[in-house]
Amino acid sequence: MVQQTKLSRLPARFPLACQWEITCRCNLRCVMCYTDCRNRPDFVRDELATDEILRLMDEMAEAGTLEICLTGGEPLARPDFFTLYEHAIRHGFLVTLFTNGTLIREAEADYFARLRPHRIEISLHGVTPQTFERVTLGTGSYRRCLEAVGFLLDRHLPLVLKSTALTLNRHEIPAIKRYVDSLGTVPFKLGEELRPDLNGSNEPYRYALSEQEVTALNREDTELWEETCRQKTTTPMPCESGMHRFHIDAYGRLQLCSGNRAESYDLRNGSFGEGFFNVLPTFACEWKASRTTGLIRPIVHHA
């Protein structure tokens, strides 16, 4: 193993970016959510404690991790969310937050304005309360989501709005896109992928669109269709999960990515360095690139 005090190039395997599902708690019950099955007290009691998350952030900073995406569930549903967030910011991580937005009021927006994230991504399920709340099953969630968007834009925070195309909101996707475009500088992402919930149920697929419906939907907007065509004409790259990117679930299990949890390394009983450098390369993924690389464990000092 080679140790370097300064990186002249990014190694082929390096713990650059983490997606961290810090909780399965959520104040909403979105119909397609794959983590909501664990939004129960018995599962919540087993989630990582504050000091465990802080310790792992320290180890990831020492290993050189640059980006952390805090997701859930709803990250702000954790009572200690801002303790975790501030620790990440103070370590110099680029922090992205995936949120439903409904727990962001003016006070939270003021906080983010003082300690700015790299990006905040909010799920926008519709442009009417009826459609939005058929997805979230949360009365008042539409109003609170749009208010949060306003609070964040007023403070010039980096915001992305995104939607998952479902049978319940398919008819409003073009209108959602037009609404986001009207905001001027806010990017829009349209997702179509659903996945089984964490208990193995295929219930979320009840709301999936057919391939023909997805194609027809994307054809209704020039930008969406251009992106669809670009993806269809681009040769898919081998999966590089576990090379520069990795996933940690709410219980401290290190995995290749959020879509591949077949194998895990228990960070509660081991170090991040051991897990990433020695164990993660042994995990299987049918889409992973087949190659061997020299292992470099750099010594990194965050600002």
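Biologist: What makes K162 count as lying over the face of F98?

Modeller: Happy to explain! In this predicted model, K162 lies 3.5 Å from the ring centre of F98. A charge sits over a ring if it is within 6 Å of the ring centre and within 35 degrees of the ring normal, so K162 is placed over the face of F98.

Biologist: And how do you know that the charged end of R195 sits over the ring of Y34?

Modeller: The charged end of R195 is 4.6 Å from the centre of the Y34 ring. The distance limit here is again 6 Å.

Biologist: Let's turn to ring pairs. Why is the pair of Y111 and F112 called edge-to-face?

Modeller: The centres of Y111 and F112 are 6.3 Å apart, with 85° between the planes. Centres within 6.5 Å make a pair, and planes over 60 degrees apart make it edge-to-face, so both conditions hold. Ring pairs also link Y111 and F112 with F81, F82 and Y85 into a cluster.

Biologist: Are Y111 and F112 buried or exposed, and how do you know?

Modeller: Y111 has a relative accessible area of 15%, and F112 has 0%. Buried means under 20%, so both residues are buried.

Biologist: Now the cysteines. Why is C30 not bonded to C26?

Modeller: The sulfur of C26 is the closest cysteine sulfur to that of C30, yet it is 6.1 Å away. A disulfide needs sulfurs within 2.5 Å, so this distance is too far for a bond. C37 is in no disulfide either, with its nearest cysteine sulfur, that of C24, 7.2 Å away.

Biologist: What makes C37 buried?

Modeller: Its relative accessible area is 17%, and the cut-off is under 20%, so C37 is called buried.

Conventions:
Residues numbered from 1 in each chain as written. Predicted model: local features only at pLDDT ≥ 70, side-chain atom pairs only at ≥ 80, totals over all residues. Heavy atoms only, no water. Buried < 20%, exposed > 50% of the residue type's maximum accessible area, 1.4 Å probe, protein only. Phe/Tyr/Trp six-rings, centres within 6.5 Å; stacked < 30°, edge-to-face > 60°.
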